[in-house]
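Reader: Hi! Could you walk me through this one? I'd like to start with how the strands are put together.

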Amino acid sequence: MRLPRWNRRQKTARNVLLIVLTLFLLEWSYGFPPWTLEGLLRRAERQYLLENSTVLFQTDSVGEGCELYAWNHGQILQVYYDHGLRGYWHAARLFDEEIGVFGGIDLAAGKQDGYYPIRLFAFGDMADAASAEMDVTVSYTSNQIVSTCTVQGERAAENCWRFDLERQYDDGDASQAAQREREIFSGSQKDRYSGTLRLYDDDGALLRSWDFDKFQQLTMRWEG
Amino acid sequence: MEQRFGKWMTEVLACVRFRPDRRAIQREMEDHYEDHVRDLERIGYDQSLARQRALKAMGDAEEIGRALDKVHKPWLGWLWLVSKWGAVACVALLAVLFLSGHFTYQLNHLTPVQRDGNYEPEGFFYFSGDAPERTESVRIAQGSGAQTVERAGYTMSIPYAAVWKYSSVADTTGKPYDQYWITIVVAADDQRFWDYGPSGIWQDLQAKDDMGRFYDTEWKPAGGNFVPVRIYSDPFRTLQYFYINQLEPPGEWIEVSYPYGEPWSIRVNWEEVAS
């Protein structure tokens, strides 16, 4: 059987179709990753049968990925994502909390003077708060307490406060607690945070306080 | 004379804007010219005259060149050339990916999952082969969700649920006892082939029955476990199989619920299965 002789136009159409088919198959093999942040959030919502979430905050870290926090019916949806040539890919978690505390050692930011920064973020209905304060206990995941401190929050978005943790011990301190703290801040030990978040109004009166234990959140599963 | 043909050829090719085709055009023109020359020689022309006549017969160089340029459009030529190499690269890439098993997961998920009929034709699904819990269990009740629920573009339903009774003798005391296994199949249907089902909800589903018993996915040694064990999916449907294991018989109904977003529940009313 003789194959029909195709002209250049037909050959071009065939080639373009083949390229489109290949791109489709590649997208399919990667699970059709979304191409926009909006699409990413919708995808994460659908994993949990949610709709119409409100974005609370979005981190801008690169390399180690970014995080997006959204609010839905009193739950916080955390989306960890990265993006590249093939769009956004992600993992999502849902927390049944009106106010959630997230974050921890920021590996993406890199070491500064030999240590990584540790940042905690508090999300939720906090638009009415004029200031925020957090008592934080830093421990190993094995429950060994490393240090306790009180940190003033910095408003990062309408419903988000950021808390930068600072080291409590000097470099020359040879005590066991100081050593543990150095291990935590250098990223060689798994960290755990627990404590109390306090929100104040313009007059400095306490609006409400919130106890948290980030270790419990860390042990929750990711859905990719 | 050869020089005159060469000049003619140069003029023709200068009109063709799509350079990659120039060589092929040149070859075709030369062949055509040489054939004509040979034909004229065959009927008695001397070589010089034959070449002169053949060149004249080739026509006006600029006119021929313009006509050829019209046929060999640069935009189509470049598109064809680029698409050709693109297609070759794509075929090579697909071959490598298929051979390396890159598409295995997706191909496995193209097989349609069950949509109706008996979901456990060979006995309680959790045990395989000829395990006594499978071969000796008796299905005593069956049901399906009394309603479906629409959330986030998914239609949630319980197409199948069953209660299996397994009678055995305790190893330690030698006393006979009955054990009940409840199978619940939760389905999520949608039209979005690009989504992989509501993968986040399976661990958060809960169940309760009319006897006040509560079951969730957090493992408790004392019971009350609603265990997600097997998942099947195709582009438009996901089936999650759960089981409950208890020593008491089931009540009249069992209700599966999801507490997040817009909470929902689906009730299954048990119907006795004739033995």
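Author: Happy to! One term to begin with: two strands pair if DSSP finds at least two bridges between them. Keep in mind that this is a predicted model.

Reader: Good to know. So how many bridges join strand S3 of chain A to S4(A)?

Author: Nine bridges join them, and the two strands run antiparallel. S3(A) covers residues 75-84. To pick out one pair, A:Tyr80 has A:Ala91 in S4(A) as its bridge partner.

Reader: What packs on the sheet there?

Author: Helix H2 of chain A, residues 37-47, packs on it. H2 touches S1, S2 (66-72), S3 and S4 of chain A, and its direction makes about 130 degrees with that of S3(A).

Reader: And in which order do the four strands come?

Author: The order is S1-S2-S3-S4 in chain A, forming an open sheet with antiparallel pairing.

Reader: Which strands stand at the edges?

Author: Those are S1 (54-58) and S4 (87-95) of chain A. Each has a single partner strand, so one side of each is left without a neighbour in the sheet. From one strand to the next, the twist averages 25 degrees.

Reader: Switching to helix H3 of chain A: which of its residues are buried?

Author: H3(A) spans residues 176-185, and its buried residues are A:Glu181, A:Ile184 and A:Phe185. They sit on the same side of the helix because they cover an arc of only 90 degrees around the axis.

Reader: Why would that spacing work in a helix?

Author: An α-helix has 3.6 residues a turn, so residues three or four places apart point the same way.

Reader: Nice. What covers those buried residues of H3(A)?

Author: The cover includes four strands of chain A: S6 (118-124), S7 (131-140), S8 (145-152) and S11 (191-200). Just after H3(A), by the way, A:Gly187 takes a positive phi of about 80 degrees.

Reader: Now the contact between the chains. How many residues does it take from each?

Author: It takes 29 residues from chain B and 29 residues from chain A. On the chain B side, helix H5 (residues 74-99) gives the most, with 10 residues. By class, that side has 16 nonpolar, nine polar and four charged residues.

Reader: Last thing: where is confidence lowest and where highest in chain B?

Author: Lowest is helix H7 of chain B (residues 132-135), at a mean pLDDT of 88, and highest is strand S9 of chain B (residues 253-258), at 98. Chain B averages a pLDDT of 94, with 99% of the residues scoring at least 70. The model's ipTM is 0.79 and its pTM is 0.79.

Note on methods. Residues numbered from 1 in each chain as written. Chains lettered and ligands numbered in written order. Predicted model: local features only at pLDDT ≥ 70, side-chain atom pairs only at ≥ 80, totals over all residues. Buried ≥ 20, exposed ≤ 12 C-beta atoms within 10 Å, placed from the backbone. Arc of directions from axis to C-beta. Contact = placed C-beta atoms within 7 Å. Nonpolar A, V, L, I, M, F, W, Y, C, P; charged D, E, K, R; others polar. pLDDT = per-residue confidence, 0-100. Axes fitted to C-alpha atoms, helices over the stretch in contact; angles between N-to-C directions.
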